[in-house]
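Thanks, everyone, for making the time this morning. I would like to walk you through one model, starting with the overall fold and then turning to the charged pairs inside it.

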Amino acid sequence: MLITNKEIQICFDNAIKILNNNLKDFTYDFQEANSINNFYQKSKNVDWTTGFCTGEYWLAYEYSKDTAFCNAANIQVDSFLERIENQINVEHHDMGFLYSPSCVASYKLTKNENGKKAALLAADKLITRFQEKGKFFQAWGELGAENNYRLIIDCLLNLPLLYWATDITGNPNYREKAVEHTKTSLANLVRQDNSTFHTFFFDHNTGAPLRGVTHQGYRDNSAWARGQAWGIYGLALSYRYTKNPTCIDLFYRVADFFIEHLPKDLIPFWDLEFTDGDGEPKDSSAAVIWACGMLEMSKYLDREKAVYYTDYAKKIAYSLYKDYAVKDISISNGLLLHGVYAKKSEFNGVTDRGVDECNTWGDYFWLELLTRLSKDWEIYW
């Protein structure tokens, strides 16, 4: 089933009610990255996920025209400026996740100069993580450290901040570094079977490619669902900004692998290793990221391919509307149920967190998916 325009409106209206109710708790405070028993607790602006909270308000403002969302979002933009000026938990690559849906969006929608300033400072911070040996942005840890000399697939979503910074400032360095990282990612992250590595190590002395491993997936050679989804959306965004035809070739491979490993209701398990009957949790956030990526890439494909991937996004949206979207505020103050932050396995290095819960990026990309299905959206990325 494809989601209808009426069902999209129902989803939007339910989300607006929930977010309106959340304003009292999450304006000067932010949501934790994931819910607990389906309800978010308050957090300060310290995690890598807080930009999605603000992004939800911008999307709600675009749909509803309610200035309460605009005002709350711009209050949060001031918090992002304070965060980057005071270097509060910014020693990682996730400046795009933090500053694109919050501060870039603010500048695009309201010409907020604090949003512009904060986002440019964040772009400057991201540039400091570029490693000339290997040509990539180091994801985590002390710069140059052997045990963290790696990129992760998620970073493809951080790069649009740099393309925007070049457009705003005229400084080509931001874009050039983004293009270099993209080339390195394209060359190393997609396996022969069209699944993707979550993270890839390089030699810290020479920059030579070493090995792909997982961090949050089930095992090193499985396909972590959210990582595969980041890859799909990241390839679409990379093509948007570079027009490198390799992005389209890899997109077909990575997106079709995702489709081939979906369960009956089209919402993936947390790792694509699993299917119906395995008893593993779903990750609805991977589904919405994937669907947004397909809609973005469909802009650049021939009509037959564009319709194919657009229809898949609409099928995903219908399944989410039917069984995953929050319809009653008494059930959750989030928007999308049945997500996974991290799931422990015998092969990975994480502990269970936010398993079968809402998460902020899932909620954000759910609204982004609805927005993309509703109009020709000027993206924040």
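What you have in front of you is a predicted model, and the protein in it contains 12 helices and 9 strands. Its radius of gyration is 19 Å, close to the 21 Å that the globule rule gives for 381 residues, so the protein is as compact as a globular protein of that length. Taken along the principal axes, the C-alpha atoms fill a box of roughly 55 × 50 × 45 Å.

Of the 381 residues, 63% are buried, and if we consider contacts with a separation of 6 or more, 68% of them come from residues 24 or more positions apart. The protein exposes about 14,400 Å², of which carbon and sulfur atoms supply 47%.

Let me turn to charge. There are 40 positive and 50 negative side chains, and the centres of these two sets lie 3 Å apart. How many salt bridges does a search of the whole structure find? The search finds 15, and I will take three pairs and one network.

The first pair I want to show is Asp29 with Lys44, whose closest N and O atoms are 2.8 Å apart. Asp29 lies in the loop between helix H1 and strand S1, and Lys44 in the loop between strand S2 and helix H2, so this salt bridge ties together parts that are 15 residues apart in sequence. Asp29 counts as buried, at 16% relative accessibility, whereas Lys44, at 55%, counts as exposed.

Next come Glu85 and Lys117, whose side chains meet in a salt bridge at 3.2 Å, N to O. Because Glu85 belongs to helix H3 and Lys117 to helix H5, the pair ties together parts that are 32 residues apart in sequence. Glu85 is partly exposed, with a relative accessible area of 43%, and Lys117 is also partly exposed, with a value of 43%.

The third pair is Arg226 and Asp283, which form a salt bridge at 3.2 Å, N to O. This one links distant parts of the chain, 57 residues apart, with Arg226 in helix H8 and Asp283 in the loop between helix H9 and helix H10. Are these two residues buried or exposed? Arg226 is buried, with a relative accessible area of 2%, and Asp283 is buried as well, at 0%.

Finally, please look at Arg240, Glu296, Lys299, Glu368 and Arg372, which are linked in a network of salt bridges.

Note on methods. Residues are numbered from 1 along each chain as its sequence is written. This is a predicted model: local features need pLDDT of at least 70, side-chain atom pairs count only at pLDDT 80 or more; totals for chains, interfaces and linings use all residues. Side-chain values use heavy atoms; hydrogens and water are left out. A salt bridge is a side-chain nitrogen of Lys or Arg within 4 Å of a carboxyl oxygen of Asp or Glu. Helices (H or I, at least four residues) and strands (E, at least two) are DSSP runs, numbered from the N terminus. Buried means under 20% relative accessible area, exposed over 50%, partly exposed in between (1.4 Å probe, protein chains only). The radius of gyration is taken over C-alpha atoms; the globule rule is 2.2 Å times the number of residues to the power 0.38. Contact means heavy atoms within 4.5 Å. Accessible areas come from the Shrake-Rupley method with a 1.4 Å probe; for residues, only the protein chains shown count as cover. Lys and Arg count as positive and Asp and Glu as negative; His and the chain ends are not counted. The place of a charge is taken as NZ of Lys, CZ of Arg, CG of Asp or CD of Glu.
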